[in-house]
Amino acid sequence: MTDNTAPKAGDVIVVWFSNGAASAAAAHETIKKYGWYCDVRLVNNPIIEEDEDNLRFQRDVSKWLGQPIILHGNPEYPLNSAVDIWDRRHAMVFPHGAPCTVHGKKEARQDYERKNKVDWHVLGFTADEKSRHDRFVLTERSNVLPVLIDAGMTKNDCAALIRFNGVDLPRVYFEGYPNANCIGCVKATSPTYWNLVRNTRPAVFAERAEQSRRLGVRLVRHQGKRIFLDELPADAKGRPLASINFECGIFCEEPA
Ligand code: SF4
């Protein structure tokens, strides 16, 4: 790790690309700002429960930016599958996070860091997420370059930049999902979210309902209490999804 001032020539900057709009825009800003004198790498920790169109987006971003996206999973969980991790850990949520985040994302990132030089990290924290950036710097890594915050870019700005450059955003955004995470993300407790999954991806809903019942996990909160997915009324609604913020991967600020 370098000092905490600014990158110097030849430093390795890793952009943690999550297949979402913000980290794609962060990759663009990083290459623009530092690519001429630093070694900028784009790394993704793959999880197979993401929508298949996320992979199309990943290919398009790679083409747009003219850089490969390096895939790096946790060798302890070689299937890169959240479903597999839940089964092996006999859990779908922890009190402060989720096992898929810890083993599928965080430990994958740490494994990459152990095996590769990383002088600086870039994440997709947007201008409206400065407190999340600050928390990450405090609890995880101090050598983070806040490229989107410095550029004053919000989530909408990121989406606009990507569209302006002719790249279609992941289709899940247009289906009403608040981010490009896995479909049926276990960090969500909202009835609105889970009924969206039920309506748009019934097979995923059925799979999460079966597995969570088998593992004894009440994933959804309805009328003030946690219930099993198969108990959720199909017309139940909570807050609008746009007001809900649950992010995976590098964004999960869990204790090291
Ligand atoms: S997006 Fe949700 S389900 Fe997928 S790995 Fe992250 S926390 Fe787990």
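Reader: Let's start with proline 170: buried or exposed?
Author: This is a predicted model, so treat the numbers as computed from it. Proline 170 sits in the loop between α7 (155–164) and α8. The cut-off for buried is under 20% relative accessible area. Since proline 170 has 0% relative accessibility, it counts as buried.

Reader: Which residues does proline 170 touch, leaving aside its neighbours within four places in sequence?
Author: One partner is well separated along the chain: proline 170 and arginine 56 are 114 residues apart in sequence, with 7.9 Å from C-alpha to C-alpha. With neighbours within four places set aside, the contacts of proline 170 are Asn19, Asp53, Asn54, Arg56, Phe57 and Ala180.

Reader: On to the sheet. What is the strand order?
Author: Take the pairings one by one. β1 runs parallel to β2 (residues 39–44), joined by five bridges, and β1 also pairs in the parallel sense with β4 (residues 120–122) over three bridges. β2 in turn pairs with β3 in the parallel sense, again over three bridges. That fits an open sheet of four strands with parallel pairing, in the order β3-β2-β1-β4.

Reader: Which strands stand at the edges?
Author: Look for strands with a single partner, because such a strand has one side left without a neighbour in the sheet. By that test the edge strands are β3 (69–71) and β4.

Reader: How is β1 covered on its two faces?
Author: In a regular strand, side chains alternate between the two faces of the sheet. Strand β1 (residues 12–16) is mostly covered, with five of its five residues buried. On one side the buried residues are Val12, Val14 and Trp16, and on the other they are Ile13 and Val15.

Reader: Let's fix the register. Which residue in β4 is the bridge partner of valine 14?
Author: Valine 14 has neighbours to compare in two strands. In β2, it stands opposite arginine 41, while isoleucine 13 has valine 40 as its bridge partner there. In β4, the bridge partner of valine 14 is histidine 121.

Reader: And which residue in β3 is the bridge partner of valine 43?
Author: For the pairing of β2 with β3, leucine 42 gives one reference point, standing opposite isoleucine 69. The bridge partner of valine 43 in β3 is isoleucine 70.

Reader: What hand does the crossover from β2 through α2 to β3 have?
Author: There's another β-α-β unit to put beside it: β1, helix α1 (residues 21–34) and β2 make a right-handed one. The crossover from β2 through α2 to β3 is likewise right-handed.

Reader: Which strands does helix α4 lie across?
Author: Helix α2 (residues 52–65) packs on the sheet and touches β2 and β3, its direction making about 135° with that of β3. Helix α4 (residues 99–115) runs at about 165° to β1. The strands that α4 lies across are β1, β2, β3 and β4.

Reader: Last one, the helix pair α8 and α9. How are they oriented to each other?
Author: Two packed helices are described by the angle between their axes and the distance between the axes. Helix α8 (residues 191–200) and helix α9 (residues 202–215) have axes 5 Å apart, at an angle of about 125°. Their contact brings Trp194, Val197, Arg198, Asn199 and Thr200 of α8 up to Pro202, Val204, Phe205 and Arg208 of α9, a set of five nonpolar, two polar and two charged residues. From that angle, α8 and α9 are therefore oblique.

Conventions. Residues numbered from 1 in each chain as written. Predicted model: local features only at pLDDT ≥ 70, side-chain atom pairs only at ≥ 80, totals over all residues. Heavy atoms only, no water. Axes fitted to C-alpha atoms, helices over the stretch in contact; angles between N-to-C directions. Parallel < 35°, antiparallel > 145°, perpendicular 65-115°, else oblique. Contact = heavy atoms within 4.5 Å. Nonpolar A, V, L, I, M, F, W, Y, C, P; charged D, E, K, R; others polar. Buried < 20%, exposed > 50% of the residue type's maximum accessible area, 1.4 Å probe, protein only. Pairing = 2+ DSSP bridges. Right-handed = clockwise from strand over helix to strand, strands pointing away.
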